[in-house]
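Hi,

Here is the structure I promised to pass on to you. Have a look at it first, and then read my notes underneath.

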Amino acid sequence: MFSGLQAACADLRHSADSFFDEQRLHDIEVQSPLGLTEEDISALLKLDEAEEAEGIYGETVRAFFSEDRSDSLDIGLETLSDKGIDRPCLLKGRMPETASEAVVTEKFLIEASAELGDRFTIE
């Protein structure tokens, strides 16, 4: 039993590490309530341990699913990385091709009672 558990743990660790590398998931996140500047990002890149650094923008917004704005949901919104850091793992659909498209989570689709291709407005 112990041998099986030990082997399974090593396999799971290897699988997770491979997935994290494929998706280019970040190792460290630096946040500031006032935001970070390009100078801040440049300073982070000067660290010996830093291979890559990039700023993203995120905030909580309200999404409206009907024209009369009666159906809404508060959602977390973030920009996608230009450098491919934290690349989403798509289960369906495709990556956005225009500024009016978004990648959404399964949780979002369930909570919004939405499907891929549905439209919503953010405020």
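Below is what I found, going from the whole chain down to single residues.

One thing to keep in mind throughout: this is a predicted model.

**The chain as a whole**

There are three helices and three strands in the chain. Reading from the N terminus, the order is α-α-β-β-α-β. The radius of gyration comes out at 19 Å, whereas the globule rule gives 14 Å for 123 residues, so the chain is more spread out than a compact globule. If you want box dimensions, the C-alpha atoms fill roughly 60 × 45 × 25 Å along the principal axes.

How much of the chain is buried? Of the 123 residues, 12% are. The exposed area is about 10400 Å², and carbon and sulfur atoms account for 52% of that. As for contacts between residues at least 6 apart in sequence, 46% of them join residues at least 24 apart.

On charges, I get 11 positive and 29 negative ones in the chain, and the mean positions of the two sets are 3 Å apart.

**The loop between H1 and H2**

Helix H1 covers 2-22 and helix H2 covers 38-45, and Arg24 sits in the loop between them. Gln23 is in the loop between H1 and H2 too.

Is Gln23 buried or exposed? With a relative accessibility of 10%, Gln23 is buried, the cut-off being under 20%. Which residues does Gln23 touch, once those up to four places away in sequence are set aside? The list is Gly84, Ile85, Asp86, Arg87, Pro88 and Cys89. For Pro88 there is also a polar pairing to look at: a polar atom of the Gln23 side chain lies 3.3 Å from the backbone oxygen of Pro88.

Arg24 is partly exposed, at a relative accessible area of 29%. Its backbone is worth a glance as well, since phi of Arg24 is near 55 degrees, a positive value in a residue other than glycine.

**The loop between H3 and S3**

Helix H3 spans 106-111 and strand S3 spans 121-122; Ser113 lies in the loop that separates them. Here is another positive phi in a residue other than glycine, with Ser113 near 50 degrees. Ser113 is exposed, with 68% relative accessible area, and the cut-off for that label is over 50%.

Leu116 is in the loop between H3 and S3 as well. At 47% relative accessible area, Leu116 counts as partly exposed. What is Leu116 in contact with, leaving aside neighbours within four places in sequence? Lys92, Gly93, Val104 and Leu109. For a distance to check in your viewer, Leu116 and Cys89 are 15 Å apart from C-alpha to C-alpha, with their positions 27 residues apart in sequence. Cys89 is also one of the residues that Gln23 touches.

Gly117 is found in the loop between H3 and S3 too. Its relative accessibility is 73%, which makes Gly117 exposed. From Gly117 to Leu45 the C-alpha distance is 38 Å, and the two are 72 residues apart in sequence.

That is what I have for now. Shout if anything looks odd on your side.

Cheers

Definitions and conventions
Residues numbered from 1 in each chain as written. Predicted model: local features only at pLDDT ≥ 70, side-chain atom pairs only at ≥ 80, totals over all residues. Heavy atoms only, no water. Helix = DSSP H or I, 4+ residues; strand = E, 2+ residues; numbered from the N terminus. Rg over C-alpha atoms; globule rule 2.2 N^0.38 Å. Buried < 20%, exposed > 50% of the residue type's maximum accessible area, 1.4 Å probe, protein only. Contact = heavy atoms within 4.5 Å. Areas by Shrake-Rupley, 256 points an atom, 1.4 Å probe, with all protein chains shown as cover. Lys, Arg positive; Asp, Glu negative; His and termini not counted. Charge placed at Lys NZ, Arg CZ, Asp CG, Glu CD. Polar contact = N/O pair within 3.5 Å; in protein donor to acceptor, adjacent residues only side chain to side chain.
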